[in-house]
Amino acid sequence: MAPYLTDLLGKQFRFDHGHAMLMKKGLEALALHGGGVPKEPGIRYEVADGQIRSELLVVEYALCDVAEGDGGLCVVPGSHKSNFACPSSLASLEQPGAWLRNVPQKAGSAVIFTEALTHGTLPWTADHERRALFYRYTPGYMAFVGRYREDGLEASDGGYPQPSHCDEGDWSPEERRILKAPYVWKRDDTFPES
Ligand SMILES: O=C(O)CCC(=O)C(=O)O
């Protein structure tokens, strides 16, 4: 995964936040969000100087098979490059159509997508429970969620893992770098060799 994250986020990419998603049959949709416009801080996608760059980037691991039509992750292909906002009548998912794709996945596989892609969640229709893990990464210069406090203590809504939570040696140098707070000046590359 590291080479993809390096390529899309830059050599100093970091883990920002994550969560799990469980859906039982019949659970409702989550409206479309993201998209090339309007430009939102932290959701940038651009190609410049021969390089693709994303800000908030999602790696979504399926813990169960997802067939097309089961529901779950849905995307509007190419919408991260759009220059027209998604009409609200389409974003609400009330009018499904060929422009919207439900993404099939095998258990254990990962889908990588930029939050700048218009995406959402279709109602879950399969008999088995949907189980997915979301890991969200950012370039080394930015945090997406506001969990850093000047006094170094964790905010009440969870906070990031801190080196003090682990015994010395529990984390590899790469793991320590990937979990570092965002900053720019003299920041080490997360995986120096990739
Ligand atoms: O996989 C899904 O159900 C969509 C998740 C989502 O909306 C997001 O990652 O922002």
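Here is a walk through a predicted model of a protein chain with a ligand, starting with the overall build and ending with a few odd backbone spots.

Let's get our bearings. The protein chain has three helices and ten strands. Read from the N terminus, the elements go α-β-β-β-β-β-β-α-β-β-β-β-α. The chain has 194 residues, and buried ones make up 41% of them. If you take the contacts between residues at least 6 apart in sequence, 84% of them join residues at least 24 apart. As for the outside, the accessible surface comes to about 11,000 Å², and 56% of that belongs to carbon and sulfur atoms.

Start at the N-terminal end with helix α1, residues 2–9. Buried residues in α1 are Ala-2, Leu-5, Thr-6, Leu-8 and Leu-9. There is a familiar logic behind spacing in a helix: an α-helix has 3.6 residues a turn, so residues three or four places apart point the same way. What sits over the buried residues of α1? The cover includes β4 (51–54), β5 (57–62), β8 (110–114) and β10. Right after α1 comes Gly-10, with a positive phi near 100 degrees.

Next, look at one of the sheets. Four strands form an open sheet in the order β2-β9-β6-β7, and the pairing is antiparallel. β2 and β7 (101–102) are the edge strands, each with a single partner, so each has one side with no neighbour in the sheet. As general background, strands of a sheet pair through backbone hydrogen bonds, either parallel or antiparallel. Zoom in on β2 and β9 and you'll find two bridges joining this antiparallel pair. Across from His-33 stands His-119 of β9.

Both of those histidines bring us to the ligand. His-119 belongs to the set of residues that come nearest, along with Glu-115, Thr-121, Arg-130 and Arg-136, out of 13 residues around the ligand. His-33 puts a polar side-chain atom 3.0 Å from an oxygen atom of the ligand. Glu-60 does likewise, with a side-chain N or O atom 3.0 Å from a ligand oxygen. For Thr-121, the distance from a side-chain N or O atom to an oxygen of the ligand is 2.6 Å. How much of the ligand does the protein cover? On its own the ligand has 300 Å² of accessible area, and the protein covers 95% of it. Three elements give two or more residues to the shell around the ligand: β2 (30–33), β9 (119–122) and β10 (130–138). By character, the shell divides into five nonpolar, four polar and four charged residues.

Not every residue around the ligand sits in a strand. Glu-115, one of those that come nearest, is in the loop between β8 and β9. Is Glu-115 buried or exposed? Its relative accessibility is 8%, and buried means under 20%, so Glu-115 counts as buried. Setting aside neighbours within four places in sequence, Glu-115 is in contact with His-33, Gly-34, Gly-35, Ile-43, Leu-56, Val-58 and Arg-136.

Ala-116 is in that loop between β8 and β9 too. With 1% relative accessibility, Ala-116 counts as buried. Leaving out residues up to four places away in sequence, Ala-116 touches Gly-34, Gly-35, Gly-36, Ile-43, Arg-44, Tyr-45, Ser-79 and His-80. Another pair to look at is Ala-116 and Lys-39: they are 77 residues apart in sequence, yet 8.7 Å apart in space from C-alpha to C-alpha.

Finally, the backbone oddities. Most residues other than glycine have a negative phi, and most peptide bonds are trans. Against that background, the peptide bond from Val-37 to Pro-38 is cis, with omega near -5 degrees. Pro-38 is in the loop between β2 and β3 (45–48). Leu-93 isn't a glycine, but its phi is positive, near 70 degrees. Leu-93 lies in the loop between α2 (88–91) and β7, and is buried at 13% relative accessible area. Lys-186 also has a positive phi without being a glycine, about 55 degrees. Lys-186 is in the segment after α3 (173–178). With 68% relative accessibility, Lys-186 counts as exposed.

Methods
Residues are numbered from 1 along each chain as its sequence is written. This is a predicted model: local features need pLDDT of at least 70, side-chain atom pairs count only at pLDDT 80 or more; totals for chains, interfaces and linings use all residues. Side-chain values use heavy atoms; hydrogens and water are left out. A residue is near a molecule or strand if one of its heavy atoms lies within 4 Å of it. A polar contact is a pair of N or O atoms within 3.5 Å; within protein, one must be able to donate a hydrogen and the other to accept it, and residues adjacent in sequence count only if both atoms are side-chain atoms. Accessible areas come from the Shrake-Rupley method with a 1.4 Å probe; for residues, only the protein chains shown count as cover. Ala, Val, Leu, Ile, Met, Phe, Trp, Tyr, Cys and Pro count as nonpolar, Asp, Glu, Lys and Arg as charged, and the others, Gly among them, as polar. Buried means under 20% relative accessible area, exposed over 50%, partly exposed in between (1.4 Å probe, protein chains only). Contact means heavy atoms within 4.5 Å. Two strands pair if DSSP finds at least two bridges between them.
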